Structures are given as structure tokens and as C-alpha cells.
Amino acid sequence: MTPRYFHLHLVSDSTGETLINVARAAAAQYKHTHAIEHIHSLVRTAAQVEKIVRELEQAPGIVLYTLVDPELAEQLQTGCRALGVPYVSVLEPVLTLFQSYLGTRSAGRVGAQHVLNADYFRRIDALNYSMGHDDGQLVDEIEEADVVLVGVSRSSKTPTSIYLANRGVKTANVPLVLGSPIPPGLLQAKHPLVVGLIASPDRIVQVRQHRVLTLKSDEQTDNYVDRAAVTEEIAWSRKLCARQGWPVIDVTRRSIEETAAAVLALLGARR
């Protein structure tokens with residue numbers, strides 16, 4: 001089928017992360033349609049809303065918004081109705097439910113989820129830790145981690161570590177290299193949850209080949225991208241994890257978000 005494109009306007013008085021996540025989750029359910037995203041973030045004045053309405057006139061489509069200020073929300077709704085453009089407040093049904101259950105109105109604070117509180121600084125601390133303990137760095141400090149990801153090269157350890165850190169989880173990652181000794185600190189770690197990441201040989205080879213081409217490097221092009229050698233690496237890493245009692249996650253068909261969710265589930269079960 002020929003892909004169908006449509007305009008999707010995301011209007012937020014904050015960073016727009018909530019809208020983007022909701023919109024993309026919904027759009028992903030429509031296989032042959034593709035959204036052309038127009039992201040309008042930090043919208044806090046009538047002039048900004050007026051500009052958005054003018055853009056809607058040029059590129060009409062679906063409008064999703066999160067505007068705490070009722071006057072700005074009404075202005076946007078009025079503009080959408082005049083243009084015959086469909087719109088919906090993503091948070092309004094949720095806030096109505098909360099209000100009904102809690103018996104109190106919302107505070108109406110713009111960007112309330114982004115305040116500089118203890119949770120925010122915990123995430124920053126986790127990010128700093130994860131950046132400093134990437135790819136086997138500072139293994140002697142591994143006991144401070146909440147999670148340690150291990151796996152062969154190109155098994156998504158680093159991006160998963162950063163994603164987990166953004167959720168406030170101190171995450172280190174250590175590469176497993178066939179023929180090289182395992183750091184004693186890793187084998188003796190008691191506090192962190194150690195999780196092995198594996199993937200199919202075909203997937204690992206594909207990612208490694210892309211990396212070699214991207215870096216235009218001649219290094220490691222023999223065993224590094226040889227399917228038989230990669231198969232041996234993965235089998236060895238799987239056996240190591242089994243021997244140590246470390247849970248294993250197959251990331252072959254998982255996104256970074258799905259892998260991180262699986263790690264968080266393991267961490268929650270352990271706690």
C-alpha cells in the first residue's frame with residue numbers, strides 16, 4: 001500500500017515529551033500512515049498560540065495539546081474549530097479522573113514534572129555515574145551501581161545504560177571479550193543486579209558491519225564480523241551468565257526502551 005502522510009501538531013506549554021510519547025504510541029498502530037510532526041513546545045503566550053493557528057491553516061491535521069492555562073487552551077480550541085481541525089487535550093481526561101477520585105482540583109502548574117527536586121538530582125547523579133562507568137571503565141567502583149549490563153560488543157549495553165540512568169538507575173556496563181579475563185570486581189559484586197544482554201549472531205554481525213563501515217576502519221574486520229566467531233562469542237557469554245546466575249535478556253528484536261523495561265522488571269522483582 002502507498003504510505004499515507006498526515007500533519008500532526010503537538011502543542012505543549014512544557015517540553016512536549018508527554019505529547020510526543022503519546023502521539024508516537026498512537027501513530028505506531030497505523031501501519032501505512034506516517035505523521036509529519038509539528039512540535040510546538042514552551043507555548044505560554046497568546047501570540048504563540050496565534051502563530052500555531054496560522055500554521056494550522058497552512059498544514060491542517062490532528063492537534064494534540066497539553067496547555068495548563070485555560071485561556072490559551074480556549075484560544076487554541078477556538079482556532080481549531082474555526083478551521084475544522086480535530087483537537088484533543090491529552091491530559092484533560094486524566095486530570096478529570098484524578099479530580100473526581102481525589103476530590104480536589106489540579107494545581108495547574110506548567111512543567112510540574114520537571115521541577116528540580118530530589119528525583120531530578122537522583123537522575124542526574126545516575127547519568128553522571130553511567131557515563132563514567134561505560135564500557136568497563138572504573139570497574140573497581142562497580143559495587144556502587146544498581147545495575148551492571150554485560151555482553152559482547154554491539155549488544156546495546158551503552159544506550160540501555162543511558163536510558164536506565166535517565167530513569168534514575170545507576171547503571172554500569174562491562175564488555176565481555178572472549179579470551180580476556182573477567183574483571184574480579186564484576187564476579188564479586190554483591191549489590192548490583194548483573195544482567196547479560198545477548199542477540200542473534202546475524203544481528204550482532206549486522207550492527208558490527210555497520211559500525212566498521214561508519215568508522216571506515218580496517219580494524220577487527222576478521223573475527224569481529226565473522227559469523228562463526230560471533231556465534232562462539234555469544235555462546236560463551238551465555239554460558240558465563242548461566243554459570244554466574246546472571247539473568248539474560250535477548251535484545252535481538254527489542255527496542256532500547258523494551259530492554260530497559262525488562263531490566264527494570266528484574267530489578268523490581270529482586271528488590
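A residue is called buried here when its relative accessible area is under 20%, exposed when that area is over 50%, and partly exposed in between. With those cut-offs in hand, we can walk through the structure, bearing in mind that it is a predicted model.

Arg-154 is a handy place to start. At 33% relative accessibility it falls between the two limits, so it counts as partly exposed. The residue sits in the loop that links E5 and H6, and its phi is near 70°, a positive value even though Arg-154 is not a glycine. For background, most residues other than glycine have a negative phi. Leu-42 tells a similar story: its phi is positive too, at about 55°, and it is no glycine either. Leu-42 belongs to the loop between E2 and helix H2 (46-58), and with a relative accessible area of 46% it is partly exposed.

Now for the sheets, starting with the one that contains E2. Four strands make up this open sheet, in the order E2-E1-E3-E4, with parallel pairing. Its edges are strand E2 (33-40) and strand E4 (87-89), each of which pairs on one side only. On average, neighbouring strands here are turned by 20° against each other, direction ignored. Strand E3 (residues 61-66) and E4 run parallel and are joined by 3 bridges, and Val-63 stands opposite Tyr-87 in E4. Helix H1 (residues 17-27) lies across strand E1 (4-12), E2 and E3, and runs at about 160° to E1. In the loop between E1 and H1 lies Gly-16. Its relative accessibility is 7%, which is under the 20% limit, so Gly-16 counts as buried. The C-alpha atom of Gly-16 is 42 Å from that of Glu-233, a residue 217 positions away along the chain.

Glu-233 leads on to the other sheet described here, since helix H9 (residues 227-244) packs on it. This open sheet has 4 strands in the order E6-E5-E7-E8, and the pairing is again parallel. E6 and strand E8 (248-250) are the edge strands, each pairing on one side only. Neighbouring strands are turned by 25° against each other on average, direction ignored. Between E5 and E7, which run parallel, there are 4 bridges, and Val-147 stands opposite Leu-193 in E7. H6 packs on this sheet, touching E5, E6 and E7, with its direction at about 170° to that of E6. Helix H9 touches E5, E7 and E8, and its direction makes about 155° with that of E7.

H6 (residues 157-166) deserves a further look. Which of its residues are buried? They are Lys-157, Thr-160, Ser-161, Leu-164 and Ala-165. These residues cover an arc of only 140° around the axis, so they sit on the same side of H6. That pattern fits with helix geometry: an α-helix has 3.6 residues a turn, so residues three or four places apart point the same way. The cover over the buried residues of H6 includes helix H5 (118-132), strand E5 (147-151), strand E6 (171-175), strand E7 (193-198) and helix H10 (256-270). After H6 comes Gly-168, with a positive phi near 90°.

Last, the rings. Counting pairs of aromatic rings whose centres lie within 6.5 Å gives 0. Tyr-224 does have a charged neighbour, though: Arg-208 lies over the face of its ring, at 4.6 Å from the ring centre.

Technical notes
Residues numbered from 1 in each chain as written. Predicted model: local features only at pLDDT ≥ 70, side-chain atom pairs only at ≥ 80, totals over all residues. Heavy atoms only, no water. Phe/Tyr/Trp six-rings, centres within 6.5 Å; stacked < 30°, edge-to-face > 60°. Lys NZ or Arg CZ within 6 Å of the ring centre and 35° of its normal. Buried < 20%, exposed > 50% of the residue type's maximum accessible area, 1.4 Å probe, protein only. Helix = DSSP H or I, 4+ residues; strand = E, 2+ residues; numbered from the N terminus. Arc of directions from axis to C-beta. Contact = heavy atoms within 4.5 Å. Pairing = 2+ DSSP bridges. Axes fitted to C-alpha atoms, helices over the stretch in contact; angles between N-to-C directions.
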